[in-house]
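Trainee: Could you walk me through how the labels for this model are earned?
Mentor: Happily; let us look at it together.

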Amino acid sequence: MLQAQHPMIGYRNDFPALNQRVAGHPLIYFDNAATTQKPEQVIEAISDYYRYDNANVHRGVHELSQRATQAYEGVRPKLLTFFDAGSDYSVIFTRGVTEGINLLAQTIGKQRCVEGDTILLTELEHHSNLVPWQMLAKETGARLDFIPVDENGVLLLDQLESQLSQGVKLVSLTHISNTLGTVNPVQEIIELAHKAGALVIVDGAQSCGHSPISLKEMNPDFYVFSGHKMMGPMGVGGVIGRTSLLESMPPWQGGGEMISRVEYHDFQANEVPQQFEAGTPNVEGVVGLGAALDYLESIGMDRIQEYESELTGYGYEALTQLSGLTLYGPNPDEVEERGATLSFTMPTIHAHDLVSMMDMKGVALRGGHHCNQPLMRKLGVPATVRASFAFYNTKDEMDSMISALKEVISFFRR
């Protein structure tokens with residue numbers, strides 16, 4: 001049994017939400033692409049902040065405000081170390097990837113894009129990396145173009161240089177597809193985009209908690225992440241951007257903290273990063289994020305990626321044995337890397353019905369378009385069932401999911 005053999009399984013005990021029953025069954029949580037569970041270390045860090053250090057940051061000289069500010073600001077260098085960013089980058093805290101991309105669209109996007117310019121995306125993008133650019137395109141007269149994908153969800157790059165030559169000012173793409181698990185060759189794309197004079201934004205929602213990231217090697221202009229995808233709290237994330245670019249960008253939201261001087265008819269913006277953090281921040285969320293970073297580093301991102309890859313390969317092989325099931329995305333045996341996500345459909349069974357029945361057996365999956373409506377249309381399906389994994393999941397849980405799927409499929413075939 002894997003639980004008795006693999007050292008990663010010991011970390012399950014750190015996650016209280018996993019130790020419960022749903023509909024009379026032990027919970028099997030396979031919805032990690034939507035949000036990961038939180039370890040006790042993160043929960044305790046947030047509780048301790050509220051117990052002992054609750055105060056507003058940057059604005060007070062009293063002890064609690066000083067401690068809160070130190071805890072809040074201390075997470076910025078942790079993030080730069082965690083993502084191997086180096087001194088060329090700075091951290092802007094946001095509510096997550098969605099707010100981070102909206103911030104970039106309304107600042108650097110408006111600076112760079114005018115009528116006739118092109119914003120290049122991929123056909124894999126989550127709505128949070130699509131709709132903000134659609135809004136910007138409508139506002140500025142810029143156009144959107146897309147790097148296409150093949151039937152397995154792999155980017156087709158044979159025309160990329162030609163696409164980049166068509167007035168592309170910004171490239172924004174996901175690192176790992178939230179639906180198909182495709183790991184995009186972001187470093188190669190960044191190199192080509194920079195040669196063409198374009199800036200590159202990488203959506204790291206699905207890579208930040210699953211893969212070791214070196215921004216020094218990747219070399220994006222901006223990397224955007226969400227804390228709740230990496231064992232941290234909801235409502236906190238950030239933009240890690242080149243400091244020189246951030247300093248050239250206009251403010252986005254106005255209010256307290258983002259100013260250095262205010263007159264009745266004008267204001268002077270604060271320095272980066274405070275310039276982009278108007279109002280009272282999510283201090284407890286940032287504190288919890290810092291605890292999540294410490295926790296992940298104590299395990300090792302290389303170990304996490306290796307184990308999740310093994311688990312995903314095991315699940316992919318098991319799902320291929322189910323008659324009539326269609327799997328989407330790259331075959332783990334045929335690609336160098338694959339994200340810890342498996343999407344599939346069953347004929348005559350809608351994804352929502354299948355997921356609801358699986359929930360009655362204690363298996364938490366996700367059914368729907370996964371904020372990928374254009375991709376679903378390209379695949380020719382209204383929705384898929386998605387199973388997504390983290391390092392606290394096991395092969396035993398995978399076996400239980402397969403057994404439950406067989407029972408549900410048999411029920412629908414009666």
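**Labels and their cut-offs**

Mentor: Lysine 361 is partly exposed, with a relative accessible area of 26%. This is a predicted model, where local features need pLDDT of at least 70 and side-chain atom pairs count only at pLDDT 80 or more, while totals for chains, interfaces and linings use all residues. Residues are numbered from 1 along each chain as its sequence is written, and side-chain values use heavy atoms, leaving out hydrogens and water.

Trainee: Why is lysine 361 called partly exposed?
Mentor: Buried means under 20% relative accessible area and exposed over 50%, with partly exposed in between (1.4 Å probe, protein chains only). Lysine 361 has 26%, so it is partly exposed.

Trainee: What makes lysine 361 and glutamate 407 a salt bridge?
Mentor: Their closest N and O atoms are 2.7 Å apart. A salt bridge needs a side-chain nitrogen of Lys or Arg within 4 Å of a carboxyl oxygen of Asp or Glu, so the pair qualifies.

Trainee: Why is aspartate 31 called buried?
Mentor: Its relative accessible area is 7%, so aspartate 31 falls under the 20% limit. Aspartate 31 also meets arginine 366 in a salt bridge (2.9 Å, N to O).

Trainee: Why are helix 13 and helix 15 called oblique?
Mentor: They pack at an angle of about 120°, with their axes 10 Å apart. Angles under 35 degrees count as roughly parallel, over 145 as roughly antiparallel, 65 to 115 as roughly perpendicular and the rest as oblique. About 120° fits none of the named ranges, so the two helices are oblique to each other.

Technical notes:
Axes fitted to C-alpha atoms, helices over the stretch in contact; angles between N-to-C directions. Helix = DSSP H or I, 4+ residues; strand = E, 2+ residues; numbered from the N terminus.
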